[in-house]
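This report describes one part of a protein fold, starting from a helix and moving outward to the sheet. Please keep the sequence and model in view while reading.

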Amino acid sequence: MQGSFRLVKGAAVLNNVRVVLVNTSHPGNIGGAARAMKNMGLHELVLVDPVRFPDPAASSRAAGADDVLQSARIVETLEEAIADCVLVLGTSARDRRIPWPVLDPREAADEVLNRLEAAETGPIAIVFGREDSGLTSEELQRCQYHVHIPSMPDFSSLNLGAAVQVLAYELRMQSLQRAGAPTKMHKVETTALPNETPATAGELEQYFQHLEQVLVEIGFHDPQKPRQLMPRLRRLYGRIQVNRMEMNILRGILTETQKAIGVKASGARRR
């Protein structure tokens, strides 16, 4: 129960993260950003003076994240979009004349979650600029931190949806880790499905006995001259973690092998 509570609390914290897109020119990029947000558990989208929205191209690129688009707020200025925020981070791919605190996406996620978990008083905005020119210097000066995605210097410009995905991914990974939740699919499967739990020592021992019996029956293994075959096979299986579903498959293969041997032997005797 405690783990579930931490997970729910972590998801609730992300509800206080606001994605702000400034003067987006192509509605498809708005849809792509909405999809990236929903993939990673973000829901609040604010659009500052978009060139075209609503638009069918946004819905098409959203690919199921229509609820994010439908709840998006449209405002005229960045000031209006961030007025109630306790922290504002602006994404930037360019060097600026005035030095400013700069974070990479992982550091940005850490800063956002630290603030939210400590205070939990008001939203935090992550601001993304125009596709062709990003945020202006004046807009960036309204942000406490600048976030730079360390892409290749000779090809540094990211698609808007991809940039949102990078920041949203880092936020989700950090929130899962802080909640003690799985971040890898095999961990999710192991905890969610009984058949995915590891085979016990007793089940493994029964399998090795069955395997040795079949190897003897097919003439592959001679117990009088073992040649360390079974210890080597035990070591081989020891390098992997066989789960119960896989164990059932392996035992089934052995059983069917024995049936095939019996049919073949019975046919030989009839002849």
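Helix 2 is mostly covered, with ten of its 13 residues buried (under 20% relative accessible area, 1.4 Å probe, protein chains only). The buried residues include Pro-27, Ile-30 and Met-37. Helices (H or I, at least four residues) and strands (E, at least two) are DSSP runs, numbered from the N terminus. This is a predicted model, in which local features need pLDDT of at least 70, side-chain atom pairs count only at pLDDT 80 or more, and totals for chains, interfaces and linings use all residues. Residues are numbered from 1 along each chain as its sequence is written, and side-chain values use heavy atoms, with hydrogens and water left out.

Among the elements that cover the buried residues of helix 2, by contact (heavy atoms within 4.5 Å), are these:

| Element | Residues |
|---|---|
| Strand 1 | 17-22 |
| Strand 2 | 44-48 |
| Helix 3 | 56-62 |
| Helix 4 | 66-70 |
| Helix 8 | 160-178 |

Helix 2 lies across strand 1 and strand 2, and runs at about 160 degrees to strand 2. Such angles, from 0 to 180 degrees, are taken between N-to-C directions of lines fitted to C-alpha atoms, for helices over the stretch in contact. Just after helix 2, Gly-41 has a positive phi of about 90 degrees.

Seven strands make up an open parallel sheet, ordered 3-2-1-6-4-7-5; strands pair if DSSP finds at least two bridges between them. Strand 3 and strand 5 are at the edges with a single partner strand each, so one side of each has no neighbour in the sheet. Val-102 is found in strand 5 and is exposed (over 50%), at a relative accessible area of 52%.
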